[in-house]
Amino acid sequence: MKKGICIIGTGGFAREVLCLIDDLGRFDEVSCFMEPDDLWGSTWKDKILMEKPVWPQSQFNPGIHTAIIGIGAPRIREKVVQQLPQDTAYETLVHPSAVISRWVDIGEGSVICAGCILTCNIKLGKQTQLNIHTTIGHDCELADYFTSAPSVNISGNCHFGKYVYFGTAAAVRQGITICDDVVIGMGGVVVKNIEDSGVYVGNPVGKLR
């Protein structure tokens, strides 16, 4: 029996994930959206979102479901992975309009949205999310839970740690290294290595204090 897909989350990106699945011709494979149980209180009320039911996350069953996490915040995605059963199988979704060479390694549970371009010799960690029109150049390595908002541009030979988040239209120069737990604000331009976790904004970016 083919397993049904559960989209974890009900926010904006989760709904965009359903649109991506629809574009892949797999809409009927989606069983439901799922929310954390604490949002339900003591009563489970029927909810419908974009023609799909919404269930408490505790109803997830790895025997009959696969999962895709539609949550943009990297640390929350990791928390969901830790909450779900260890034998959970995660979908990896690539929009049909994305341009990706065969020399790209995509980690389990990743979502690559419409209009993305990935050239060659690129490695994406697990649970990566690339929002619409993100571009990644040659020889890049992005660790687990990397997240880009729309229209992010990453030049070649860049290496990013875990939980890195790029806001809309952020850009990074070739050959840059970024440590774990870094947020680049909307429109930020990265021209030097980043060795301290934190939030960086501006052109060129500087760390917020």
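## Strands, a crossover and unbonded cysteines

Modeller: Strand β1 and strand β2 (residues 30-35) run parallel, joined by four bridges. One partner pair is Ile7 with Phe33 in β2.

Colleague: What kind of model is this?

Modeller: The model is predicted; local features need pLDDT of at least 70, side-chain atom pairs count only at pLDDT 80 or more, and totals for chains, interfaces and linings use all residues. Residues are numbered from 1 along each chain as its sequence is written, and side-chain values use heavy atoms, leaving out hydrogens and water.

Colleague: What makes β1 and β2 a pair?

Modeller: Two strands pair if DSSP finds at least two bridges between them. β1 and β2 have four bridges, so they pair. A strand is a DSSP run of E, at least two residues; a helix is a run of H or I, at least four residues; both are numbered from the N terminus.

Colleague: Which other strand does β1 join?

Modeller: β5 (residues 65-69), parallel to β1 and joined by five bridges. In β5, Thr66 stands opposite Ile5.

Colleague: Why is β1 called largely enclosed?

Modeller: Buried means under 20% relative accessible area, exposed over 50%, partly exposed in between (1.4 Å probe, protein chains only). Five of the five residues of β1 (residues 4-8) are buried, so the rest of the structure largely encloses this strand. Gly4, Cys6 and Ile8 point one way, Ile5 and Ile7 the other. In a regular strand, side chains alternate between the two faces of the sheet.

Colleague: What makes the unit of β1, helix α1 and β2 right-handed?

Modeller: With the strands pointing away from the viewer, the path from the first strand over the helix to the second must run clockwise. β1, α1 (residues 12-23) and β2 make such a right-handed β-α-β unit.

Colleague: How many disulfides does the whole structure hold?

Modeller: Zero, by a search of the whole structure. Cys6 is in none: the nearest cysteine sulfur, that of Cys32, is 3.4 Å away. A disulfide needs two cysteine sulfur atoms within 2.5 Å.

Colleague: Why is Cys158 not bonded to Cys140?

Modeller: Their sulfurs are 4.6 Å apart, too far for a bond. Cys140 holds the closest cysteine sulfur to that of Cys158.

Colleague: Is Cys6 buried or exposed?

Modeller: Buried, because its relative accessibility is 0%. Cys158 is also at 0% and counts as buried.

Colleague: Why do β8 and β20 count as edges?

Modeller: The open, parallel sheet of five strands has the order β8-β11-β14-β17-β20. β8 (104-106) and β20 (177-178) each have a single partner strand, so one side of each lacks a neighbour in the sheet.
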